[in-house]
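Here is a short round of questions and answers to read alongside a predicted model. Have the coordinates open and let us walk through a few spots together.

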Amino acid sequence: MSDAALGQFAYRLKRIYGNSTDVDALANDLLRVCQNYVEANQRTLLQVPTSADSPRWSEQDVILITYGNSIQAPGEVPMQTLAKFLYERLSGTVNAVHILPFFPYSSDDGFSVIDYRQVNPEWGTWDDVAKITASFDLMADLVINHCSRENLWFVDYIGNHEPYSEYFIEVDPSTDVSLVTRPRNTPLLTPVHTHRGVRHVWATFSEDQIDLNFANPKVLLEFIQIYLFYIERGARFIRLDAVAFLWKQIGTRCLHLPQTHEVVKLLRDVVNFVAPEVVVITETNVPVVENLSYFGDSDEAHMVYQFGLPPLVLHALNRGNSSFLSDWADSIPVLPTGCTYLNFTASHDGIGVRPVEGILPEREVQDLIDCMHRFGGFVSMKANSDGSESPYEINITLFDACMGTRRGVDHFQVQRFLCSQAIMLAMQGIPALYIHSFTASANDLAHVEQTGRTRSINRKVWDKDELEYLLSNSVTAQAEVFHELSRMIRVRRAQPAFSPDARQDVVKINSDVFILKRTSVDGVQRIYAISNVTERILKLPLAALGFLENGLMDILALEPTTLIDELVLYPYQTVWLTQSA
């Protein structure tokens, strides 16, 4: 297999670097890195198994998204507190955990990495990570586009020490960079005092997050070693953070460039040969067509984020109208072989609005933003090439985003929120749920005031005793949401029709309901996931719903019963109908 790996690496590196480097020597270096990993872990270089031989995922896969310190207890290491919460509260509910960057960092709550190979000592150790991976699959972030200016690589760049003097991108400040696409409105180039005088370096996200120079093959090789290190430490999922911005070329948007796609394909090639069970995920918060391009020809990411889902689900529930959500879901292309989606409705970031460009009219987006302002949220802006700014994401907790509709606040917050989760759980792909969805967290305005960052509104750090009290008190929204959401997930995990590989069809009846039909791979089980996105009670005669079979039972009900003549949906209720046994 080594010869096959060497040939594939050389082919891919040629497509990245062309004739600008000694591709054969670089391919040999990369092969050596992979062989070292194989020998250290007593593995064999492998080809990717077929899905029939070794399925990469199933309906059992449900991911929790959390920071390593989202729950804290006095005198206890946060990662140990997290481990206890996982074992005590979520065993049998989720089987995987995405611990957001848990490395030493200087800003952006972890996404400005100081040391890629160490655990943040304030949060724990690699031993603490291992205790979690003993029972839960791990998703780890490869923060690949940039690092902290406190990273020793950058310190050595300032000192002009090899090889780090060429790890970063210097640009003459007079250069026209107006075409560069950015998710921020801060200056792209930041001045740095070095031993060679003042230099201006590329900083896509902030002056503390300095972009790395992947035109330098040594940087690529460095990150492949880090990538394999995370896999060695137990990561089943590797999330490529902000990867769309990786390659820079003046005169272009510096977004989704061909070399960027080839780097992702190379990372896929690496795991194909040394760790075929690993799932590569791209995080690209961009319009739908651009996002889906990261599947390649089934040779790039195994999984991409379904970034259109959060704003469209929120819009449907806020407007009481499923039309845009249904049309979008109906237009989703058939998944390439060996690929799937990561579905989510909330994360550590805001609810992006770029993914609905061309899907939601601008007036609808602005109305939604205005409503979220009334519910205590904020909006982050991005800079455009013409010097203007436009909305990039809404910053609000999803629970508080569901406190009402465009008509104002009402008493359906819990039901509306649970409906958003039920819709997401029924979608084709693997569901990922943010910890603050499980805990029905409200807007943390004090955290925003403390940090000065609007994203902090959705990054509450829970006191463990307070959280346990709320979850144990049946009259709280936190207890109601946590227990019902956990129950829904456990029901979902038992249904073959919710496999990521199971077929998905959209059924359009009217704008009051959102309906998905899921069919198991073997064709035996069919589930109709029907959600009422309105505050009204709906009565749907079964005879009028010609797509439904006789003898259907709602498996999501607390006491499943067979339906006879009519389906009654209460405000924001979801049913999962399937053939009764």
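Q: In which loop is C254 found?
A: Residues are numbered from 1 along each chain as its sequence is written. This is a predicted model, where local features need pLDDT of at least 70 and side-chain atom pairs count only at pLDDT 80 or more, while totals for chains, interfaces and linings use all residues, and side-chain values use heavy atoms, with hydrogens and water left out. Helices (H or I, at least four residues) and strands (E, at least two) are DSSP runs, numbered from the N terminus. On that basis, C254 is in the loop between β9 (235-241) and α7 (258-274).

Q: Is C254 buried or exposed?
A: The terms are set by relative accessible area: buried is under 20%, exposed over 50%, and partly exposed in between (1.4 Å probe, protein chains only). C254 has a relative accessibility of 2%, so the residue counts as buried.

Q: Which residues does C254 touch, not counting residues up to four places away in sequence?
A: Contact here means heavy atoms within 4.5 Å. One partner is V180, which is 74 residues apart from C254 along the chain, with 5.6 Å between the C-alpha atoms. The full list is V180, W202, A244, F245, W247, K248 and Q249.

Q: What is the phi of C254?
A: C254 is not a glycine, yet its phi is positive. The value is about 60 degrees.

Q: What is the phi of D109, a residue other than glycine?
A: D109 sits in the loop between β3 (96-99) and α4 (126-133). With 15% relative accessibility, D109 counts as buried. Its phi is positive, near 50 degrees.

Q: Which residue does a cis peptide bond join to E162?
A: The omega of this bond is about -5 degrees. The partner lies in the loop between α5 (152-158) and β6 (189-194). That partner is P163.

Q: Why are the buried residues of α16 on the same side of the helix?
A: In α16 (residues 464-472), the buried residues are K464, L467, E468, L470 and L471. They lie on the same side of α16 because the arc they cover around the axis, taken from the directions from the helix axis to the C-beta atoms, is only 165 degrees.

Q: Which exposed residues does the face of α16 turned away from its buried side carry?
A: The buried residues of α16 pack against β2 (71-72), α3 (78-90), β19 (462-463) and α17 (477-492). The face turned away from that buried side carries D465, Y469 and S472.

Q: With which side chain does the side chain of R319 make a polar contact?
A: R319 belongs to helix α9 (residues 309-319), and at 8% relative accessibility it counts as buried. Leaving aside neighbours within four places in sequence, R319 is in contact with E364, D367, L368 and R406. A polar contact is a pair of N or O atoms within 3.5 Å; within protein, one must be able to donate a hydrogen and the other to accept it, and residues adjacent in sequence count only if both atoms are side-chain atoms. At 3.4 Å, the partner side chain is that of E364.

Q: What is the volume of the largest cavity?
A: On a 1 Å grid over the protein atoms alone, a cavity is a set of points where a 1.4 Å probe fits but cannot get out, and a pocket is an open set with protein on both sides within 12 Å along at least five of seven lines; lining residues have an atom within 4 Å of a point. Grid points are joined across faces, edges and corners, and a volume is the space filled by probe spheres set on the points. A search of the whole structure finds four cavities of 30 Å³ or more. The largest cavity has a volume of about 310 Å³.

Q: Of the 27 residues that line the largest cavity, which are the closest to its centre?
A: β9 and β15 each supply at least two residues of this lining. The closest to the centre are R239, D241, E283, D349 and R455.

Q: Which strand gives the most to the lining of the second largest pocket?
A: This pocket has a volume of about 470 Å³. Of its 20 lining residues, the closest to its centre are D108, R184, F205, R453 and R455. With three residues, the one that gives the most is β14.
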